[in-house]
Amino acid sequence: MDDISISKVSNLKLTSLMYRSNFDLLELLEKLTKNYGQNVKYGFGAFSGYLINDPEVVKYIQMENWQNFPKSRRYLTFSPLIGKSILVANGEEWKKRRQIAQPIFQQRDLLLRFNDILDVSTNELLEEIKIKEFNLFSSLSLHTFRVITRITFGDTIDEIFDEFHECILKLQKACIKRALSPLAIMDHLPLPSNVIFKKESKKVHKLLDNYIQDRIKHPNQAPKDLLDRYLIANKKDSHGFSLEDIRNELVTLIIAGNETSALTLFWCILEVLKAPLILEKIRSEVSNNTPTTFSDKDFSESCPYLDKVIHETLRKYPAVWAVSREVKENVKFKNIQFKKNEIIIISPYFFHRNPKFWPSPEVFNPERFSKKISDDIFIPFTRGPRFCIGKALALYEIRQTLFSIFKTYNLKIKNGSDCKPLGLINLYPSKEVILEHD
Ligand code: HEM
């Protein structure tokens with residue numbers, strides 16, 4: 001068995017790199033991978049562990065021995081909003097939650113049932129961006145938020161949409177502040193961002209608890225949305241979830257499925273508008289086609305080029321750019337000795353930019369996906385039992401939205417073409433991008 005090459009970075013060096021990166025984690029990891037290589041052992045006070053970018057080790061952690069690498073304590077910073085939901089839970093707690101969600105997300109007809117919501121929401125987006133110029137990320141995130149809240153709670157959620165959206169925007173802002181603060185890890189401190197996070201989380205809970213209770217009193221005749229499906233599954237299979245548990249699961253879907261999809265759309269449109277040849281190819285493809293559905297097979301057959309463009313976006317800009325795990329028990333894999341409580345960072349962003357597997361990784365080149373790419377080197381939704389449960393839904397929405405935008409409008413960048421990715425919780429834009437019509 002070949003050894004994995006691991007470099008060690010001293011505490012002193014890591015501290016100095018952290019300051020030099022202004023506590024921007026993406027910049028820090030960039031410096032680490034450039035100076036020390038793809039796999040780095042770090043030690044920092046109570047925090048020590050590894051940055052791992054080797055496909056074999058990543059496969060071992062996410063698939064072969066995933067139970068020994070649960071989600072790290074870092075995820076608990078979201079608990080005031082989502083409790084111990086599927087996104088943050090581990091062990092039996094997580095298993096119960098995945099068991100209720102999995103059959104719901106696996107229903108073959110699930111996506112088709114949401115076609116109407118996607119159609120209506122996409123038409124609203126197209127109408128909104130008809131104006132001369134618009135802020136790309138704000139428009140897209142309003143769109144994806146509408147889609148996911150309607151899919152989760154039905155279109156009657158529109159009655160409380162503005163209030164709900166306002167809370168979510170404040171929560172997102174607080175999350176950004178927390179991500180940028182060197183004290184972020186200490187979320188019990190009464191910092192303004194922590195206080196806002198807790199306050200807005202309580203507002204969201206109140207709003208949704210009333211909504212869910214109302215639905216229980218006046219149920220839909222046939223299941224219409226994810227809330228109906230969760231309530232039915234909970235009753236039928238006696239999962240024993242409280243209303244609070246169900247609310248936390250549903251808020252999680254919204255949190256996990258809103259910004260991630262909006263960011264993927266954002267980076268895709270930005271890259272395409274910077275590359276006239278790619279844009280031309282997409283426009284010629286979409287102008288001659290209307291896919292029967294936006295599922296994997298139908299879409300790759302009717303819009304093969306746009307399909308590659310989406311894959312390339314997920315490679316270069318995986319919205320969930322880094323995930324972390326915590327070692328449960330000491331274990332050795334090849335030459336690496338993982339010690340209990342060590343934090344392992346796996347970054348799809350750096351993983352997808354490793355020149356060993358991706359030549360000229362900085363170049364946006366959809367043709368990379370003309371040949372079959374191994375799942376071992378392409379992990380935008382990660383792998384193993386904890387892979388993204390909303391993957392099919394996200395891809396369906398992304399394909400449909402991009403298809404409609406590129407078919408309807410010939411857009412141009414007015415401002416912000418030099419926007420770069422910032423490694424906050426997700427891969428955020430460093431500045432505003434304003435688009436205008438041709
Ligand atoms: C392009 C869009 C998306 C991307 C790139 C993405 C990516 C990911 C990744 C990488 C993970 C694994 C995180 C980890 O291992 O720590 C994950 C988990 C998850 N995602 Fe997504 N996601 C997207 C959209 C969605 C949508 C639309 C939903 C909801 C409908 C969703 C719900 C979830 C949930 C609930 C989990 C936790 C699963 C578990 O731990 O069992 N995601 N996502």
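A charge counts as sitting over a ring when NZ of Lys or CZ of Arg is within 6 Å of the ring centre and within 35 degrees of the ring normal. In this predicted model, Arg-353 fits that picture: its charged end sits over the ring of Tyr-317, 5.7 Å from the centre. Lys-41 does much the same job of illustration, lying over the face of Tyr-50 at 4.8 Å from the ring centre.

Tyr-50 also belongs to a cluster, joined by ring pairs, with Tyr-60, Phe-69, Phe-333 and Phe-338. A search of the whole structure turns up 19 aromatic pairs. One of them, Tyr-60 with Phe-333, is stacked, with 4.1 Å from centre to centre and 15 degrees between the planes. Tyr-60 lies in helix H3 and Phe-333 in strand E6, so this pair ties together parts that are 273 residues apart in sequence. Both residues, Tyr-60 and Phe-333, are buried. Trp-358 and Phe-369 make a tilted pair instead, at 5.9 Å and 35 degrees. Trp-358 counts as buried at 2% relative accessibility, and Phe-369 is buried too, at 12%.

Now for the ligand. Its iron atom has just one protein donor, the SG atom of Cys-388, at 2.3 Å. Cys-388 is found in the loop between helices H16 and H17. Oxygen atoms of the ligand lie 2.7 Å from a side-chain N or O atom of Tyr-75, 3.0 Å from one of Arg-386 and 3.3 Å from one of Lys-71. The shell around the ligand splits into 18 nonpolar, six polar and four charged residues, and helix H12 gives the largest share, six residues.

Technical notes. Residues are numbered from 1 along each chain as its sequence is written. This is a predicted model: local features need pLDDT of at least 70, side-chain atom pairs count only at pLDDT 80 or more; totals for chains, interfaces and linings use all residues. Side-chain values use heavy atoms; hydrogens and water are left out. Donors are N, O and S atoms within 2.8 Å of the metal (3.2 Å for Na, K and Ca); water is not among the atoms, so sites may look incomplete. Helices (H or I, at least four residues) and strands (E, at least two) are DSSP runs, numbered from the N terminus. A polar contact is a pair of N or O atoms within 3.5 Å; within protein, one must be able to donate a hydrogen and the other to accept it, and residues adjacent in sequence count only if both atoms are side-chain atoms. Ala, Val, Leu, Ile, Met, Phe, Trp, Tyr, Cys and Pro count as nonpolar, Asp, Glu, Lys and Arg as charged, and the others, Gly among them, as polar. Rings of Phe, Tyr and Trp (its six-membered ring) pair if their centres lie within 6.5 Å; planes under 30 degrees apart count as stacked, over 60 as edge-to-face and the rest as tilted. Buried means under 20% relative accessible area, exposed over 50%, partly exposed in between (1.4 Å probe, protein chains only).
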